[in-house]
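This report is for a reader who is new to the structure shown below. Please keep the sequence and the model in view while reading.

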Amino acid sequence: MKQHEMTLILVKPDAVAEGLTGEVLHRLEKAGLKIINCRMLRLNGPLLKEHYAHLAQLPFFPEIEQFMSSGPVVAVALAGENAIAKVRDLLGPTDSTKAPKGTIRGDLGKDKMHNVLHASDSAETAQAELRRFSGSTDPKV
């Protein structure tokens, strides 16, 4: 069943530094998703600990924190039919080395951490991330 929904992506610091933001947004818009809100920001320790709460106690979290705070990210709220699943399909698997060509990560990513984007994985996560990074869950913003 088709469902109009919102989701959030974060263009990661390496992708922003490499000038891939426009390419990523173009692919998402071309797939029928609408940009509702877009902002560039620097992620800090408290925000990263909140965002990655499910990983914050793991031994590799400091590496994630260092990477994600190494430069600006672009937070983008997207809306469209089945937006969450559509974005995740367009991205491909988390590990870019295993992502098929034609997916964003398969074409533009380097490895599991340098994989271009973070994307919400469920409706519940999307709602929390939209509030955290864009301040809104209203598709009419």
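## A linked trio of charged residues

Glu23 has a relative accessible area of 33% and is therefore partly exposed. The model is a predicted one. The side chain of Glu23 forms a salt bridge with that of Arg27, at 2.8 Å from N to O. Both residues belong to helix α2, which covers residues 21-30, and because they are four residues apart there, about one helical turn separates them.

Arg27 has a second partner. A salt bridge of 3.0 Å, again N to O, joins the side chains of Arg27 and Asp107. Asp107 is in helix α6 (residues 104-108) while Arg27 is in helix α2, so this pair ties together parts of the chain that lie 80 residues apart in sequence. Asp107 is partly exposed, with a relative accessibility of 32%. Taken together, Glu23, Arg27 and Asp107 make up a network of salt bridges.

## Another salt bridge, and the total

How many salt bridges does a search of the whole structure find? The search finds five. Side chains of opposite charge can pair when their charged atoms come close.

One of these salt bridges is between the side chains of Glu65 and Lys49, with 3.1 Å from N to O. Glu65 sits in helix α4 and Lys49 in helix α3, 16 residues apart, and the pair links distant parts of the chain. Is each partner buried or exposed? Glu65 is buried, at 18% relative accessible area, because the cut-off for buried is under 20%. Lys49, at 44%, is partly exposed.

## A buried charge without a salt bridge

Glu129 is part of helix α7. This residue is buried but has no salt bridge. The nearest side chain of opposite charge is that of Arg132, 4.6 Å away. A salt bridge needs the nitrogen and the carboxyl oxygen to be within 4 Å, so the 4.6 Å between Glu129 and Arg132 does not qualify.

Which side chain does Glu129 meet in a polar contact? The partner is His118, and the contact is 3.0 Å.

## The largest pocket

The largest pocket has a volume of about 610 Å³. It is lined by 25 residues, and the closest to its centre are Tyr52, His54, Leu55, Thr94 and His118. Four elements give two or more residues to the lining: α3 (45-51), α4 (61-68), β4 (117-119) and α7 (123-134).

What classes of residue make up this lining? There are nine nonpolar, seven polar and nine charged residues. His118, one of the residues closest to the pocket centre, is also the polar-contact partner of Glu129.

## Two positive phi angles

Asn82 is a residue other than glycine with a positive phi, near 50°. It is placed in the loop between β3 (73-81) and α5 (83-91). With a relative accessibility of 27%, Asn82 is partly exposed.

Val116 is not a glycine either, and its phi is positive, at about 75°. The loop that holds Val116 runs between α6 and β4. Is Val116 buried or exposed? At 1% relative accessibility, Val116 is buried.

## Distances between parts of the chain

Some pairs of residues can be described by their separation along the chain and by the distance between their C-alpha atoms. Gly92, in the loop between α5 and α6, is buried at 15% relative accessibility. Its C-alpha atom is 6.8 Å from that of Gly106, with the two positions 14 residues apart along the chain.

Lys86 is in helix α5 and is partly exposed, at 27% relative accessible area. How far apart are the C-alpha atoms of Lys86 and Lys2? They are separated by 11 Å, although the residues are 84 apart along the chain. Val24, in helix α2, is buried with a relative accessible area of 0%. From Val24 to Ala79 the C-alpha distance is 15 Å, and the two residues are 55 apart in sequence.

Key:
Residues numbered from 1 in each chain as written. Predicted model: local features only at pLDDT ≥ 70, side-chain atom pairs only at ≥ 80, totals over all residues. Heavy atoms only, no water. 1 Å grid on protein atoms, 1.4 Å probe; cavity = no way out; pocket = protein on both sides within 12 Å on 5 of 7 lines; lining within 4 Å. Points joined across faces, edges and corners; volume = space filled by probe spheres on them. Nonpolar A, V, L, I, M, F, W, Y, C, P; charged D, E, K, R; others polar. Buried < 20%, exposed > 50% of the residue type's maximum accessible area, 1.4 Å probe, protein only. Lys, Arg positive; Asp, Glu negative; His and termini not counted. Polar contact = N/O pair within 3.5 Å; in protein donor to acceptor, adjacent residues only side chain to side chain.
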